[in-house]
Amino acid sequence: MKRQASEALFEKAVKLIPGGVNSPVRSCKSVGGRPLFINGAKGAEIVDADGNSYIDYIGSWGPMIVGHNHPQVLAGVEAALSRGMSFGAPTDLEVELAEMVVAAVPSIEMVRMVNSGTEATMSAVRLARGVTGRDVIVKFDGCYHGHADTLLVSAGSGVATQGIPGSPGIPADVIKNTLSLPYNDAKAVTRLFAERGHTIAAVIVEPVVGNMGLVTPAAGFLETLRQETRQHGSLLIFDEVMSGFRVAYGGAQERFGIMPDITCLGKVIGGGMPVGAYGAGKDIMRHIAPEGDIYQAGTLSGNPVAMAAGIACLKLLQQPGVYDELENMSRILITGLKRVADEAGIPVQVDCCGAMLGMFFSDQPVTDFKSAKKSDLDRFAAYYRGMLERGIFLAPSQFEAFFISTAHTRVDIDKTLDAAKAVMAGL
């Protein structure tokens, strides 16, 4: 494929933007390539600046669950634009989307809209500390909760992809109250709470991890988090920025039947527009200003265009059978990927949860960040490049989940598996 236009744009970008990208994982450094510059997309197809078309499994890193440029989402956005782009004042649209979120997510009775997943998680942590009067936050190795200083400890996603252990610029005093444990290690959680439970404000976790690649919770792990936090007066925060409205309409908490105290959302609820949210029961949310004294604000929070896109997206997801079909397509794809890898004699681990999928080039099960890091990164890089040449657009990192949308068809899946078979044969 010709990529002269993308190359020219990248050469210009590196002189103006650090690394030529506005988010590190887009740089494609870990897979030995350069980023594609995108010109447009529709349905499950994305088109680069040179006119090359690809079947897209990034989906803007998760939001595009109904595909790109869905007519109903576009119509909602256009209607909102005709009224104005931003007012810095409340609108009916933010009330409507809040109603939909509260109705969908089991643990949420009130919700505050923000502009990104990072804003949602950092606000949730502040809320937890304010409500409990405690300082310590527990997270898990490889779980990425945005780039707020408090949470950029043993993080996954782009931090893992770039090989960065944390980040300069974060004072030790800021992270001294952030503790990180191995994901899926219920015994480590129990031991920590036995020692320090009275100091812990909250545990924050991706209930289904997408930021070290896809890793699902082991039996009893989420239950242990719920039991220990409740027993010690701590709060449980589910970071469902990625899993919310993707592994089920009500997120991972609906799927697994575990009720957190605070939930963070993003991605799908904006239908492709920048958005985030955090919510909880009324007794917790009423601590937020102006009703309470825990401060959080945002000039563009509840932006009407983003709210309209989210409303349209969620209405599409309410249609009967949507999630059954998404999971069915996911399972067809990962079963096929496992088959072609086995035929080529290449060890892989595959899994899916709703419309989230993952594949590791590893000969052992992946249950946490330590086992994820044992994957063959060179083989993944070669696989990524080979798939891209055959028109398949994957996340340029072993440590990222990939995504199915309602726009993907069996034809798309078959083309993807044909490409994978050819690439695997050459690995």
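# Helix α8, its surroundings, and the strands, cores and cavities

Helix α8, residues 221-231, has as its buried residues F221, L222, T224, L225, R226, E228 and T229. The model described here is predicted. These buried residues of α8 pack against β5, α7 (186-196), β7, β8 (235-239) and α9 (251-256). Just after the helix, G233 has a positive phi of about 70°.

One of the elements that α8 packs against, strand β5, deserves a closer look. Strand β5 covers residues 136-140, and five of its five residues are buried, so the strand is largely enclosed by the rest of the structure. In a regular strand the side chains alternate between the two faces of the sheet. In β5, V136, V138 and F140 point one way, while I137 and K139 point the other way, and all are buried. The burial therefore includes K139, since all of these β5 residues are buried, whichever way they point.

Strand β5 has parallel partners. With strand β6 (residues 178-181) it pairs in the parallel sense over four bridges, and K139 stands opposite S180 in β6. Three bridges join β5 to strand β7 (residues 200-205), again running parallel, with V136 opposite I200.

V136, F140 and I200 also belong to a core of 28 residues, which has L192 among its members as well. In soluble globular proteins, nonpolar side chains tend to be buried together. That core lies apart from the largest nonpolar core, which has 78 residues. Within the largest core, the residues with the most contacts are Y57, F245, L317, L333 and Y383. Helix α11 (residues 304-317) supplies the largest share of this core, eleven residues.

Y383 can be followed further. Leaving aside neighbours within four places in sequence, Y383 is in contact with L337, M359, F361, L394, A420, V423, M424 and L427. Y383 also appears beside an internal void. Rolling a probe the size of a water molecule over the atoms shows where empty space is left. A search of the whole structure finds two cavities of 30 Å³ or more. The largest cavity has a volume of about 150 Å³. Its lining has 15 residues, and those closest to its centre are M359, F380, Y383, L394 and F402. M359 and L394 are thus found both among the contacts of Y383 and among the residues closest to the centre of this cavity. The elements that give two or more residues to the lining are α12 (322-344), β12 (356-360) and α14 (377-389). By class, the lining divides into ten nonpolar, four polar and one charged residue.

The second largest cavity has a volume of about 50 Å³. Of its 13 lining residues, D56, G59, M64, S405 and H408 lie nearest its centre. Here the lining divides into six nonpolar, six polar and one charged residue.

D56 leads from this cavity to a sheet. D56 stands opposite F393 in β13, and strand β3 (residues 53-56) is joined to β13 by two bridges, the two running parallel. Both strands belong to an open sheet of four strands in the order β1-β2-β3-β13, with mixed pairing. At the edges stand β1 (38-42) and β13 (392-393), each with a single partner strand, so one side of each is left without a neighbour in the sheet.

Elsewhere, strand β10 (residues 276-280) resembles β5 in one respect: five of the five residues are buried in β10 and in β5. Strand β10 is therefore largely enclosed by the rest of the structure. From β10, G276, Y278 and A280 point one way and A277 and G279 the other way, and all are buried. Strands of a sheet pair through backbone hydrogen bonds, either parallel or antiparallel. Strand β9 (residues 262-266) pairs with β10 in the antiparallel sense over five bridges, and the bridge partner of G266 is G276. Five bridges also join β4 to β10, running antiparallel, and R112 stands opposite Y278.

R112 in turn borders the second largest pocket, which has a volume of about 520 Å³. Among the 24 residues that line this pocket, E94, R112, M113, S301 and G302 are the closest to its centre. Two elements, α3 (92-104) and β4 (110-114), give two or more residues to the lining. By class, the pocket lining has 13 nonpolar, nine polar and two charged residues.

Definitions and conventions:
Residues numbered from 1 in each chain as written. Predicted model: local features only at pLDDT ≥ 70, side-chain atom pairs only at ≥ 80, totals over all residues. Heavy atoms only, no water. 1 Å grid on protein atoms, 1.4 Å probe; cavity = no way out; pocket = protein on both sides within 12 Å on 5 of 7 lines; lining within 4 Å. Points joined across faces, edges and corners; volume = space filled by probe spheres on them. Nonpolar A, V, L, I, M, F, W, Y, C, P; charged D, E, K, R; others polar. Core = buried A, V, L, I, M, F, W, Y, C linked by side-chain atoms within 4.5 Å. Buried < 20%, exposed > 50% of the residue type's maximum accessible area, 1.4 Å probe, protein only. Contact = heavy atoms within 4.5 Å. Pairing = 2+ DSSP bridges.
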